[in-house]
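User: Could you take a close look at the inside of this one for me? I'd like the hollow spaces and the residues tucked away, in one connected walk-through.
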Amino acid sequence: MTGRGDAEIPQGFPEPGSVAGGDSFHRPVLVNEVLAHLEPAQRGKIMDGTAGGGGHSLALLERYRACRIVAVDRDPIALEATRMALKDFEDRVRFVEARFDEAAVSAGLVGPTLMGALLDLGLSTHQLDSDERGFSFRPQALLDMRMAGDARGEASAADLLNDLDEGELARVFREYGEEPRPRRLSRAVVERRRSRPFRVASDLLAAMEAAYGRSPGIKAKARVWQALRVAVNDEIDALEAALPALREALLPGGILSVIAYESLTDRIVKHTFQEWSRACICPPALPTCVCRGEALGKPVVKGIVRPSAGEVTENPRARSARLRSWRKAA
């Protein structure tokens, strides 16, 4: 998914002819970079808040023999795949089925106990390649997009398209997909559902074609699918709640690493880490500082870390990944 300013097609929506590579549940991205950033946490407890099949957790367990992992995922299928991937390390892993903003509470963590935490905000290969999960825009794919499947009783993408009023649909398309014509698209959705409820991707593609006056391109599809997926899974509120919760769960010197794939979520991570890294957050008009007066920590590296050209060649779905890491003050 991506904003209009991004040059790339979003993660999870490969260009025609590209191959995801590998037959595993999910190929983790930026593994060496994550290992390097989380090296200071190698002797402590690390939470993988979006385990997604266990790729990053497995790499951490293999590289750092003294670390322990709390593997979290809201998708029960992904969590079961993580159990299988980490079966040789069961004595060093705890598995928790939860959304990442609820992970610390669900894991029973009281006070600062983590030396590291990782959030990989991308979709897994399993989710993208399953028409039943509804994360792709293949015509026969169901309009589902629920990360947890049926486990939490959440509304699906089809439910939102069939039930939300025109104004709310426009807000979803504008705020979560940065869609340039949200009203036109929401009007087309409402018009279409009067005669036929939305069920599969081809229904939404037809509404998009009616709104645009032409067949939508891959970036337009990605914008709209992003908007619905973010709304279905409440991703923005979850991320904004998870970041401070994980910061509080970190021990002094602990590391929080986040991999984002599009501008919408990366901006939240960037601005949050910047705010935490400032000593003073008072409004400029105040003559003296009345806030905390000291930084809560600092970035591990300046800016973002992107995949190498070699990694993108091997795994095209990694192309838009952006890693940011922050270290809590000691």
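Analyst: Here's a tour that starts with the hollow spaces and then goes through some helices and the loops beside them.

A bit of housekeeping: this is a predicted model, so local features need pLDDT of at least 70 and side-chain atom pairs count only at pLDDT 80 or more, while totals for chains, interfaces and linings use all residues. Residues are numbered from 1 along each chain as its sequence is written, and side-chain values use heavy atoms, with hydrogens and water left out.

Let's begin with the voids. There are 3 cavities of 30 Å³ or more. A cavity here is a set of points, on a 1 Å grid over the protein atoms alone, where a 1.4 Å probe fits but cannot get out; a pocket is an open set with protein on both sides within 12 Å along at least five of seven lines, and lining residues have an atom within 4 Å of a point. Grid points are joined across faces, edges and corners, and a volume is the space filled by probe spheres set on the points. The largest cavity holds about 340 Å³. Its lining takes in 24 residues, and those nearest the centre are T50, F100, D120, G122 and M147. Helix α11 (235-249) is the top contributor to that lining, giving 3 residues. Helices (H or I, at least four residues) and strands (E, at least two) are DSSP runs, numbered from the N terminus. By class, the lining of the largest cavity splits into 9 nonpolar, 8 polar and 7 charged residues. Nonpolar covers Ala, Val, Leu, Ile, Met, Phe, Trp, Tyr, Cys and Pro; charged covers Asp, Glu, Lys and Arg; the others, Gly among them, are polar.

The second largest pocket has about 160 Å³ of space. K270, F273, Q274, S277, P299, V301, K302, G303, R324 and S325 line this pocket, with α12 (263-276) and β7 (322-328) being the elements that give two or more residues. Helix α12 gives the most, at 3 residues. The class split for this pocket is 3 nonpolar, 4 polar and 3 charged.

Helix α12 also carries D266. D266 is buried, at 7% relative accessible area (buried is under 20%, exposed over 50%, partly exposed in between, with a 1.4 Å probe and protein chains only). Setting aside neighbours within four places in sequence, D266 is in contact with A260, I304, R322 and R324, where contact means heavy atoms within 4.5 Å. One of those partners, R324, also appears in the lining of the second largest pocket.

Over to α3 (76-85), whose buried residues are A78, L79, A81 and T82. They sit on the same side of α3, because they span an arc of only 160° around the axis, taken from the directions from the helix axis to the C-beta atoms. An α-helix has 3.6 residues a turn, so residues three or four places apart point the same way. Those buried α3 residues pack against β2 (68-73) and β3 (93-97). At the N-terminal end of α3, D75 acts as the cap, with a side-chain oxygen 2.9 Å from the backbone nitrogen of I77.

Next is S186, in helix α8 (182-193), which is buried at 0% relative accessibility. Beyond its neighbours within four places in sequence, S186 touches E166, L169, A170 and F173, and its side chain reaches the backbone oxygen of E166 at 3.4 Å. Just ahead of α8, in the loop from α7 (166-177), comes E179, which is buried at 3%. Its side chain makes a polar contact with that of R223 at 3.4 Å; such a contact is a pair of N or O atoms within 3.5 Å, where within protein one must be able to donate a hydrogen and the other to accept it, and residues adjacent in sequence count only if both atoms are side-chain atoms.

Helix α10 (218-233) leads into a loop before α11, and D234 sits there. D234 isn't glycine, yet its phi is positive, near 50°, and the residue is partly exposed at 31%. L30 likewise has a positive phi, about 50°, without being a glycine, but L30 is buried at 0% relative accessibility.
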